[in-house]
Amino acid sequence: MTIQYRPARPTDIAHCIWLRGQTRENAVPAERLAAMGITEASWAADVAEDRLPGFVAEQGEQMAGYCFGDAEHGEIVVLALLPAFEGQGIGRHLLQLTTAELQSRGHRALFLACSADPKVRSHGFYRHLGWRGTGQIDERGDERLEYCAG
């Protein structure tokens, strides 16, 4: 079955929250998201109000992954993929879709937070796709990466 990509909808968020807890690295369960102020209601409202545009990847009825960006600041907020769908280019395509959406809204320099540990898969993933480290570390110990449109 092929992967289909589409813009995320507020009705996707309950499943997005579940999926976030299932990722191979950096899994974040619903309880931890809620403790950070990220609930189904708050996330769905951000999608409905177009503050958090994103895309989902589906195989049939199953959500394989998603990516969301902050429309105001140009940040890639989250990219999550179920382990069974890793290594197929799905994460890369979701990131490209979200990056293009943020750029279409006028952002030329985008950013995200990523593990500073080279042993973590995301460290090499983003750098391989042209994201560059800034040397800035956030309060969670993640490094800020930037991507500038060519």
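**Close-up 1. Glu58 pairs up with Arg6.** In this predicted model, Glu58 and Arg6 make a salt bridge, and their closest N and O atoms sit 3.0 Å apart. The two partners come from distant parts of the chain: Arg6 belongs to strand 1 (residues 3-7) and Glu58 to strand 2, 52 residues apart. Both Glu58 and Arg6 are buried.

**Close-up 2. Glu86 reaches Arg24, loop to loop.** Here's another of the 11 salt bridges counted: Glu86 with Arg24, at 2.8 Å between the closest N and O atoms. Glu86 is in the loop between strand 4 and helix 4, while Arg24 is in the loop between helix 1 and helix 2 (30-35), so this pair ties together parts 62 residues apart in sequence.

**Close-up 3. Arg51 and Asp46, plus a shared-partner network.** The Arg51 and Asp46 side chains meet in a salt bridge, 2.8 Å from N to O. Arg51 is partly exposed, with a relative accessible area of 42%, and Asp46 also counts as partly exposed, at 26%. Elsewhere, salt bridges with partners in common join Arg6, Asp12 and Glu58 into one network.

**Close-up 4. The largest nonpolar core.** This core has 36 residues, and those with the most contacts inside it are Ile13, Trp43, Tyr66, Phe68 and Trp131. Several elements each chip in at least two residues, among them helix 1 (13-20), helix 3 (40-48), strand 2 (54-59), strand 4 (75-81) and strand 5 (109-115). Strand 3 supplies the largest share, 5 residues. As background, nonpolar side chains in soluble globular proteins tend to be buried together.

**Close-up 5. Tyr66 and its contacts.** Setting aside neighbours within four places in sequence, Tyr66 is in contact with Cys16, Leu19, Arg20, Trp43, Phe55, Val56, Val78, Leu79, Ala80 and Leu94. One of these, Trp43, is also listed with Tyr66 among the residues with the most contacts inside the core.

**Close-up 6. Thr98 tucked into helix 4.** Thr98 is part of helix 4 (residues 90-104). Its relative accessibility is just 1%, so Thr98 counts as buried. Not counting residues up to four places away in sequence, Thr98 touches Pro53, Phe55, Cys67, Phe68, Gly69 and Ile76.

**Close-up 7. Cysteines without partners.** The disulfide count comes to 0. For Cys16, the nearest cysteine sulfur is that of Cys67, 11 Å away. Cys114 isn't bonded either, because its closest cysteine sulfur, in Cys67 again, is 13 Å off, too far for a bond. Cys16 is buried, with a relative accessible area of 0%, and Cys114 is buried at 2%.

Note on methods:
Residues are numbered from 1 along each chain as its sequence is written. This is a predicted model: local features need pLDDT of at least 70, side-chain atom pairs count only at pLDDT 80 or more; totals for chains, interfaces and linings use all residues. Side-chain values use heavy atoms; hydrogens and water are left out. Helices (H or I, at least four residues) and strands (E, at least two) are DSSP runs, numbered from the N terminus. Buried means under 20% relative accessible area, exposed over 50%, partly exposed in between (1.4 Å probe, protein chains only). Contact means heavy atoms within 4.5 Å. A nonpolar core is a set of buried Ala, Val, Leu, Ile, Met, Phe, Trp, Tyr and Cys residues joined through side-chain atoms within 4.5 Å. A disulfide is a pair of cysteine sulfur atoms within 2.5 Å. A salt bridge is a side-chain nitrogen of Lys or Arg within 4 Å of a carboxyl oxygen of Asp or Glu.
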